[in-house]
Amino acid sequence: MKIATVDVVVCSPDRNFVTLRVTTEDGLVGLGDGTLNGRELAVASYLRDHVAPLLVGRDAHAVEDTWQFLYRSGYWRRGPVTMAAIAAVDVALWDLKAQAAGMPLYQLLGGASRTGIMAYGHASGRDTAELFDSIRQHLEAGYRSIRVQTSVPGINAVYGVAAQPSSEGKRYDYEPAQRTPLPAEEDWDTRAYLRHLPSVFEAVRGEFGPELPLLHDGHHRMTPIQAARLGKDLEPYDLFWLEDCTPAENQEALRLVRAHTTTPLAIGEVFNTVWDYQTLIREQLIDYVRSAVTHTGGITAMRKLLDFAAQYQIKSGIHGPTDISPVGMAAALHLDLAIHNFGIQEYMRHGALTDEVFRQSFTFDDGYLHPGNEPGLGVTLDQAAADRFPYQPAYLPFNRLKDGTVHDW
Ligand code: KDG
Ligand code: MG
């Protein structure tokens, strides 16, 4: 199964996506996601200029060998651009292998370990009424686990909180509406956030009861001692997880957080290799691995990372916001279905334009996702539709403290 052509499709239906398309001499087409939010063209160039020429003529079945070749032979290792590019190739090759076998990809990963994949959605509100509305909408849409993000009195714009109630007909998404040449600037005050957040969870538990799994994302904005306090303060509300409480490149910081709280911790959406998790996993400082298949070298690397985590009773919580394309989502779902140490899957739903470009076979029903049973990943790309949505510059916002200091994400 020789690789005949390799091309990169950059398109922007709802938001920007980078898709690698690998075609074999016998006409099979495999897709991989290399989308890196706000840095999309860097991955597109890496793939087009430095990787595609190396792949033509190679055996598409040689998934492991190709992964090792791209990781080791380029001399420069790790980093989000490299690992997103390797992920795109890896997922496209797994897609081809499964299509050639005539099986859905999860069968090649060991077969299904469960019947469905528990998913969580993103509820948010500028005040309690909006937040309750948003949670109810998610429950009606079939979600059975909910991430809760909220505005904080005294802070003008908080990332992860919809700028308008979804009842006004505009669905909440991250930044794609801000397709501007410069990132939007938000403000931040950690003390105000720490004071306010527990009262929000108290209100949500009061309204929705003790059963509903609730999650929260701290977006790396706390120091270790602040994160320890928040974890403790949230214990009465029984969170499924507290995500990204501190900037996690300092893995040792989690020792302090862990020593003070039993709130489960999830980390890793900005990580791109197993090395970023060495201390976190060996010392059992986290409960969930948040990496995306798309940013962590694909299925080959994620499988190894999650197998390592499994030895320490750490589960998966694969990153699945809308800046992971439907191709990256499908790859995550096949892996979720196959591994034993599955925890939960993030699922935000893409917009209607994205669904025009990417035809998908995965389903979402009563809180559970399933990748479907089409051979391969089960996603195809409509090139004519993609051509209607050219790339547009779009950046994530950033935040400054009251005195103007740039703060952590
Ligand atoms: O590209 C960045 C977003 O995907 C990220 O901010 C989303 O934090 C996020 C999450 O948990 O989905
Ligand atoms: Mg996050």
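Modeller: A polar contact is a pair of N or O atoms within 3.5 Å. This is a predicted model, where local features need pLDDT of at least 70, side-chain atom pairs need 80 or more, and totals for chains, interfaces and linings use all residues, with hydrogens and water left out of side-chain values. Residues count from 1 along each chain as written, chains are lettered from A and ligands numbered from 1 in written order.

Biologist: What makes arginine 147 a polar contact of ligand 1?

Modeller: A polar side-chain atom of arginine 147 is 3.3 Å from a ligand oxygen, so the pair passes the cut-off. Tyrosine 159 comes in at 2.7 Å from an oxygen of ligand 1, and aspartate 217 at 3.0 Å. The protein buries 94% of the 330 Å² that ligand 1 exposes alone (Shrake-Rupley, 1.4 Å probe).

Biologist: Why are Asp217, Glu243 and Glu269 called donors of the magnesium ion (ligand 2)?

Modeller: Their oxygens lie 2.0 to 2.1 Å from the ion, and N, O and S atoms count within 2.8 Å of a metal (3.2 Å for Na, K and Ca), so they qualify. Water isn't among the atoms, so the site may look incomplete.

Biologist: How are those donors spaced in sequence?

Modeller: As D-x25-E-x25-E. Glutamate 243 is in strand S8 and glutamate 269 in the loop between strand S9 and helix H9, so the pair ties together parts 26 residues apart in sequence (DSSP runs: helices at least four residues, strands at least two).

Notes. Polar contact = N/O pair within 3.5 Å; in protein donor to acceptor, adjacent residues only side chain to side chain.
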